[in-house]
Each structure stands twice: as C-alpha cells, then as structure tokens.
Amino acid sequence: MSVTAVKQPNWFSRLAHPGQFLSWSRYFVWPLAILTAIGFAVGLWFAFFASPEDYQMGDMVRVMYIHVPNAWLSMLVYGTMAVSALGSLVWRHPLADVANKAAAPLGAVFTAITLFTGALWGRPTWGTFWEWDGRMTSELVLLLIYLGIIALWRSFDDQSKAGRIVAIVTLVGAINIPVIHYSVEWWNTLHQGATVFTASGPRLPGSMLVALLTMLLAFTLFFALLQIVRMRTEILRRRAETMSRQAALKGVAA
Amino acid sequence: MSAEHFAFIAWAYVGAGLMTLGLVAWVVWDALRVKKRLAELEKSGIRRRSAGASAP
C-alpha cells in the first residue's frame, strides 16, 4: 500500500487565500490611510515651502512633485498588474485576478494625472501642451491600454474567463513599460531625460530630492491603500455574486 | 511665485487633487455599495455554502 503525502500550502499561499486576505488586510487600511495623509502633508509642505525655484523653470518646477510620482505610479501599477497576470496564468491563483482587476482603474487615473500635469508643465516650459514625442505618446498608449483592460473586465460575465484573457493582454501590453522608461534615451524627445532614476544616481539638489522622494513615498502608500481596499471590495463582490446565483438556483429548484 | 506661472501650477495641483479625490470617493462608494449588497443578501437568509458549513 502506498501513501501519498498531501502537499501543504506554503505561508504565501495561505496568506494569499481570498478569505485569509480579507482577515489580515483589514489591519493595514487605517495605518496606511494615516501614513498616507502624513506623507502628503509633509510632502506638500516640502514642495511649496522648503524647496527652491529652478534656475531655468522658476516655480514651474513645483509641478514635478505631483507629475513624477504619478508617472512612477503609472508604471508601478502596470508592473503590479503584469506580476498578477503571471500569477493568474501560471498558478491560476484567484487573488491574482482580483489584484489585476482592482489595480486597472487606479493605474488609469494615475496615468491621466501624469498626462494632465505634464501638459500644464509643458506649455510654459516648451511652449506647447502636447507633442507626439516618444515619452508622451507611449504614456498616452499606456492610458489606452488601461482603458482597454477595464473594458475587457466589464465585457465578461464569467470573471475567471475574463481573468485569463486580461492576463494575456496585460502581459502583451507590458512591452510598453520599458518603451516609456527608455523613450527619452532611444529617441530625440522634447521631454527631458531621467533625473531621478539614473545609473549615476539622482541629478537633483538635495532640497528638491527630499520633497520629491517624500511625495513619491506618499503616492506609493496611497496606491497600496487603495489597492487593498479595492481588492477587499472585489472579493466581497464575487461573494455577493456567488450568493445571488445560489439564491437564483434555489428559486428555480423551489 | 511668478504671476505668469501661477495659473499653470494652480491648475496642475487643483486638477490632480480633484482627480485624486474623485478616485478616493469612487473607491469608498463602491466598497460601501458592495458591503450593503452583501448585508442585504445575508439578511434575506442567503448564506455561502462554505460559510454555512462552518456556521454553528
């Protein structure tokens, strides 16, 4: 007689189980909300009162403190979605689908803010709100990809089927992320080159860098907060849909 | 802050602030709506099969 050992799920699989996620994630919501509020308060104070004017752009440089964090988030959110797409396709993990669906609208808004603040920064600096250069066009393509993914999620009743199709589209769209990042090096663009995430380190004075990093941290905490709340909501929505189906089946059986 | 740039800076912060607040409002509204729907389903006596199995 042969005995087959049952493989126990590892700690990550246990924590990532939707029910377990609902249990532990609720302890993160309020601490993250408080840290985000503190981060924004300190970051905005640095941005307006403790950072100097730029020698060329003057006060317009203050737009950087909201433009760059949102540009960073537009790519970070997509990176999160690409990882969850892998989790969905390779491990068929239910929480991976939930993470992808939860993040897409957040990424779309962060990208829209990036384009909006970039246009307002560009008009007095370059003399135009918009130019079809590599960086701006690839960021606009990212917004369209986010909107396409949101539309795909909404166009399927069967969310597990939608999850697989969205995961493939997400991974295909991930090619745009390095294009956005390296566009200022690959092409002769109107957009300035990288000043923070460079191989030789940030090319900003310390007083500007502190303000920018504080706002980067605040926006990243903000994304973490919204992502947890959205994932919790999506799990509960799926529960409600399952219960509605059960109720409908009972109604048919009766 | 120079007057010629003030409008662009103000619009950038106001616009980004409004979009951010709009996002927060939508996330909270959606969460409350789903919780309300779940509460209504549970109130009408519908239980998930997995919840029913572990219920006392």
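Visitor: What makes A:Arg92 partly exposed?
Guide: In this predicted model, A:Arg92 has 13 other C-beta atoms within 10 Å. A residue with 12 or fewer is exposed and one with 20 or more is buried, so a count of 13 falls in between and A:Arg92 is called partly exposed.

Visitor: Where is A:Arg92 found?
Guide: It sits in the loop between α3 and α4 of chain A. The backbone of A:Arg92 has a positive phi of about 50 degrees, although the residue is not a glycine.

Visitor: Which way do the helices on the two sides of that loop run, and how do you know that α3(A) is roughly antiparallel or roughly parallel to α4(A)?
Guide: The axes of α3(A), residues 64-90, and α4(A) cross at roughly 155 degrees and come within 8 Å of each other. Angles over 145 degrees count as roughly antiparallel, and those under 35 as roughly parallel. The value of 155 lies over 145, which means that α3(A) is roughly antiparallel to α4(A).

Visitor: What is the hand of the crossing where α3(A) passes α4(A)?
Guide: α3(A) passes α4(A) in a left-handed crossing. By class, the contact of these two helices has 15 nonpolar, 13 polar and one charged residues.

Visitor: Why are α3(A) and α6(A) called oblique to each other?
Guide: Their axes cross at roughly 135 degrees. Roughly perpendicular covers 65 to 115 degrees, and roughly antiparallel starts over 145. An angle of 135 degrees belongs to neither range and is not under 35, so α3(A) and α6(A) are oblique.

Visitor: Which residues make the contact of α3(A) and α6(A)?
Guide: From α3(A) come A:Met81, A:Ala82, A:Ala85, A:Ser88 and A:Leu89. From α6(A), residues 159-173, come A:Gly163, A:Arg164, A:Ala167, A:Thr170 and A:Leu171. By class, this contact has six nonpolar, three polar and one charged residues. The axes of the two helices come within 9 Å, and the crossing is left-handed.

Visitor: How many helices and strands are there in chain A?
Guide: There are eight helices and zero strands. Read from the N terminus, the elements of chain A run α-α-α-α-α-α-α-α. The C-alpha trace of this chain spans about 75 × 45 × 35 Å along its principal axes. Contacts between residues at least 6 apart in sequence join residues at least 24 apart in 77% of cases.

Visitor: What share of the residues of chain A count as buried, and what makes a residue buried?
Guide: Of its 254 residues, 37% count as buried. Each of these has 20 or more other C-beta atoms within 10 Å of its own. In chain B, buried residues make up 12% of the 56 residues. Chain B has two helices and zero strands.

Visitor: How many residues does the contact take from chain A and from chain B?
Guide: It takes 28 residues from chain A and 22 residues from chain B. α4 (94-126) and α8 (206-253) of chain A each supply at least two residues of the side that touches chain B. The largest share of that side, 13 residues, comes from α8(A). By class, the side of chain A that touches chain B has 16 nonpolar, six polar and six charged residues.

Visitor: What scores does the model have?
Guide: The ipTM is 0.88 and the pTM is 0.90. Chain B averages a pLDDT of 85, and 80% of its residues score at least 70.

How values were computed
Residues numbered from 1 in each chain as written. Chains lettered and ligands numbered in written order. Predicted model: local features only at pLDDT ≥ 70, side-chain atom pairs only at ≥ 80, totals over all residues. Contact = placed C-beta atoms within 7 Å. Helix = DSSP H or I, 4+ residues; strand = E, 2+ residues; numbered from the N terminus. Nonpolar A, V, L, I, M, F, W, Y, C, P; charged D, E, K, R; others polar. pLDDT = per-residue confidence, 0-100. Axes fitted to C-alpha atoms, helices over the stretch in contact; angles between N-to-C directions. Left-handed = near helix turned anticlockwise from the far one by under 90°.
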